[in-house]
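Dear colleague,

Please find below the structure for your attention. My findings follow directly after it.

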Amino acid sequence: MNKKIVVFLLMATIVAGCLHGGSTPDATNEDQNPNATTPDANTTDNEDIREITVESGNYFFDPSEIDVEAGETVRFIIENEGGTHDLVLEDSDGNDVASTDRVSNPGETDSFTYTFDRAQDFQIYCSVGNHRQQGMEGDVNVYEE
Ligand SMILES: [Cu+2]
């Protein structure tokens, strides 16, 4: 075989290989739509969520007495005014049913949402150190409508 033809075939093979390799559609960017919304059952009734702001500090929650109606969904917003704290929601059986997902520092705000499906007495408390024993607890009283 003519040497020039061999080189040509070699080049053609390389070019074809490059074209093939480079022709893969770059679809990754098209999948990233910043406006895409993920369906979420918890966000469908936003207007029905009651927001309760609780200040935390050394060593208190304010308010420490909270009244809720059975069936209400409450978004607890915890504003740390000093110290390092979390907030845990405990049901009447002593089970932790919801909490902030971290221990916050002064000036930080955390939140979580919980639906009180039936009347029972809950407590809130701080699980850091012995803060609960020092007074960081409170009552969430759930009443029938
Ligand atoms: Cu605390």
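Which residue in β7 does Ile78 stand opposite? The partner of Ile78 is Asp110. Strands here are DSSP runs (E, at least two residues), and helices are likewise DSSP runs (H or I, at least four residues), numbered from the N terminus. Two strands count as paired if DSSP finds at least two bridges between them.

Please note that this is a predicted model: local features need pLDDT of at least 70, side-chain atom pairs count only at pLDDT 80 or more, and totals for chains, interfaces and linings use all residues. Residues are numbered from 1 along each chain as its sequence is written.

The first topic is the sheets. Four strands make up an open sheet with mixed pairing, in the order β2-β1-β4-β7. Its edges are β2 and β7 (109–115), and each has a single partner strand, so one side of each is left without a neighbour in the sheet. On average, neighbouring strands of this sheet are turned by 25° against each other, direction ignored; axes are lines fitted to C-alpha atoms (for helices over the stretch in contact), and angles run from 0 to 180 degrees between N-to-C directions. Within this sheet, β4 (residues 73–80) and β7 run antiparallel and are joined by seven bridges.

Another open sheet, of five strands, has the order β3-β9-β8-β5-β6, again with mixed pairing. Here β3 and β6 (96–99) are the edge strands, each pairing on one side only. Strands β8 (residues 121–125) and β9 (residues 137–143) run antiparallel, with five bridges between them. Tyr125 has Glu137 in β9 as its bridge partner.

Two peptide bonds deserve your attention. The bond from Asn58 to Tyr59 is cis, with omega near -10°, and Tyr59 lies in the loop between β1 (49–57) and β2 (60–62). The bond from Asp62 to Pro63 is also cis, with omega near 5°; Pro63 is in the loop between β2 and β3 (65–69). For context, most peptide bonds are trans.

Finally, the largest nonpolar core (buried Ala, Val, Leu, Ile, Met, Phe, Trp, Tyr and Cys residues joined through C-beta atoms within 7 Å) has 14 residues, and Leu87, Ile124 and Met136 have the most contacts inside it. A residue is buried if 20 or more other C-beta atoms lie within 10 Å of its own, exposed if 12 or fewer, and partly exposed in between, with C-beta atoms placed from the backbone. At least two residues of this core come from each of β2, β4, β8 and β9; the largest share, three residues, is from β4.

Yours sincerely
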